[in-house]
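User: I'd like to go through the labels on this model and hear what stands behind each one. Can we take them one at a time?

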Amino acid sequence: MEDREVVYQDVNIDVVKQGEYLELNYKTPHLIRIKAGDRQAMDDEVIRMLKMRSPEGQKYFIQKEVGKIIGVSRQMINRRWQVYRSEGLLALLSGEWEKSKITPALLDGLAEIVVENPFLFEHEIKERLQEKNICTEVSDATLYSALKQMNGRRLIMLMRKKASKSVPEAFMEAGYIIERLFGIIDDLFIKVPKEAIDHALKQGLEYLRSYFRQTTHNRTGPTEKDKYTQRKKLGRDKKRKIWFLKYLLSGIRGIQECPDCHSRKIKFFFKRERGYKDEKGEKIQSYSRVYQCLNRQCRTKYFTRPPDGVELYSRVHREVKKMTLRWIFHLRGSLSRVRDELKEHGIDVALTTVLRWLKKAGEECLNVLTLFRQEDWEQPLCIDEKWIKVRNKWCYVFTAVGTKVTDLLAVELFFHKDKQAMRTFLYQLKALGFRPESITTDLLMGYESVVKEVFPDCLYLQCVLHAGRDAKRIVRIALPAEEDEEWKNRLTKRIRTLFKSKNIKQAKKRYFKIMQLREKAPAAVSGVFKMLQKYYPKLCLSVQRKDIPKTTNPVERAIGEFEERYQLTKGFTSFYYAQFFIKAYQIYYRLRKISFGRFRGKSRLELKGNPVGKLSFADFLTPTFC
């Protein structure tokens, strides 16, 4: 142990010399005032703070804390400390300051180099600066700072001087253009589906160019913002939700068991105070209880059971979320109106909070088939599409409705309305277990071949109303002149009577009657006769089979109700948020009480005899501990 010699001592400071070191111990707090622009004083204070030690010999400040105090990054503090340790304070205050000093000569020289060749790397820019004797050495941080501080007017003047040159010098370097073109081609090929690349190359350059233009305007898949990363505990929460719903249906309440393994061998551990608000806006104080699961095979060693009707980490009661979902779906309220209504009830939440509740309800939404596999798998289906806007791009919602009680059986969102989307949607129906007797769609091209591929034994029909409207539209467009008014009225009347046929004999008679006018009618309406000739077999099939729907009216009703609620959102911010909204709407449509007709007062699942039909849609979307 070296001898300690007291050098100076008073009320404010103790100075002790120990070997080669001089220790200064301040007894009272002291204030240091530094000018913000004085870099030398800043560097001096940085070193002083890094050298400070507590009486026990520990560091008083770490580099990260010093960086926050001074207002620079930790890497910059570390660089200054390394210069001080290797070269001393003099080098830090003089040499390093001169290196990092940004002068007007440096800015002017840097502007000339950048305008001359904007594709240089950092080391190449440093070499050019050294060749021009502007500076002998410059750090990367100083170079980046100088690039940000360059005068824009100076750059414009230099660019005007260089404007006489048609091609920059950098473009003339060997291999630059080829390398740049390959980079552009790689970026473009990423946007094209793999199965279309070979076909595009065979068709030629013009087809490839048009395909590239199309992909820049229409997205072929999700963008970075649309990519959905599932949260870690979503699977666990969905499994718990299944048991919550089963307990809710059975009327069992107050069971003390592990929510994951359902073992009743649990032990109370401790409780913590918990506050939340109910639907009246009153704050209620209660306790969350933490239990220990004694089942050795259970991965959940400890679990928290919140107060009844409250979710984990939630500040409001379950009734508040149920009330919010009723306002959004049943009363068709926008998010801002729902937020204002909650504020009037004494529950002050942000707009994003209401949005998060809705997204979570859709994210954790369970398919009814996961609870009870009770469904008429062979019932006729009606399929239609609805366009919605997602991040200023049109996407398409495919919906399938059963014709018996007009139940919304499946709904899915796609980027495009093409054969691939149709095929995917039908395979999803098949994976759920549906084997429909017939499928009725509108006149969208492509459905017939896809239905035969996915459901070979299924009858395919097209909507009679859509076909009649399409035929009359062709006549109206083909005969716009007043002198053709007689033919237009005559053909329109025949088409109207044909599609109102009630039996096969009547349909045949009216069809042959209208086809007799083919030779006499103007040549402009030849497309109507081709369309009727192509649709006639489907019309005969729809007239013969009374158990198969002729129109897509059941699915049109579901789409109409969805459109009323979609119009309030005015588009969606991301693809996965639109999916969650659609899933929540499907549950609302299936569990909402019908307000008209002979089924008044019952939900569609209740009419099927499904036990889930006893619940309201708000109970289904927000289950919790009971």
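**What the labels rest on**

Analyst: Sure. Keep in mind that this is a predicted model. Let's start with a helix: the buried residues of α16 pack against β7 (381–390), β8 (393–402), β9 (408–414), β10 (438–441) and α17 (447–454).

User: What makes that a packing claim for α16?

Analyst: Contact here means heavy atoms within 4.5 Å. The buried residues of α16 pack against those four strands and against α17, with Ala421, Met422, Phe425, Leu426 and Leu429 being the buried ones.

User: Why are those residues of α16 called buried?

Analyst: The cut-off is under 20% relative accessible area. Ala421, Met422, Phe425, Leu426 and Leu429 carry the buried label, so each of them falls under that cut-off.

User: And how do you know whether they line one face of α16 or are spread around the helix?

Analyst: Look down the axis of α16: the buried residues fall within an arc of 130°, so they line one face. The general reason is handy too: an α-helix has 3.6 residues a turn, so residues three or four places apart point the same way.

User: What span is expected for α16, and what does the helix reach?

Analyst: α16 covers residues 419–432, 14 in total, and reaches 20 Å from its first C-alpha to its last. At 1.5 Å a residue, 20 Å is expected, and the helix comes close to that. Just after α16, Gly433 takes a positive phi of about 120°.

User: On to the spaces. Why is the second largest one called a cavity?

Analyst: A cavity is a set of points where a 1.4 Å probe fits but cannot get out, so the label says that this space is closed to the probe. The volume of the second largest cavity is about 60 Å³, and the count comes to four cavities of 30 Å³ or more.

User: What makes a residue part of the lining of that second largest cavity?

Analyst: An atom within 4 Å of a cavity point is what counts. The residues that line the second largest cavity include Lys386, Val397, Phe562 and Tyr585. α22 (553–569) has the largest share, three residues, and the lining divides into eight nonpolar, one polar and one charged.

User: What about the largest pocket: which residues lie nearest its centre?

Analyst: Those are Leu24, Asn25, Lys51, Met52 and Arg53, out of 33 lining residues. The volume of the largest pocket is about 1200 Å³. α1 gives the most to its lining, with seven residues, and the lining residues divide into 17 nonpolar, six polar and 10 charged.

Methods
Residues numbered from 1 in each chain as written. Predicted model: local features only at pLDDT ≥ 70, side-chain atom pairs only at ≥ 80, totals over all residues. Heavy atoms only, no water. Helix = DSSP H or I, 4+ residues; strand = E, 2+ residues; numbered from the N terminus. Expected span 1.5 Å × (residues − 1). Buried < 20%, exposed > 50% of the residue type's maximum accessible area, 1.4 Å probe, protein only. Arc of directions from axis to C-beta. 1 Å grid on protein atoms, 1.4 Å probe; cavity = no way out; pocket = protein on both sides within 12 Å on 5 of 7 lines; lining within 4 Å. Points joined across faces, edges and corners; volume = space filled by probe spheres on them. Nonpolar A, V, L, I, M, F, W, Y, C, P; charged D, E, K, R; others polar.
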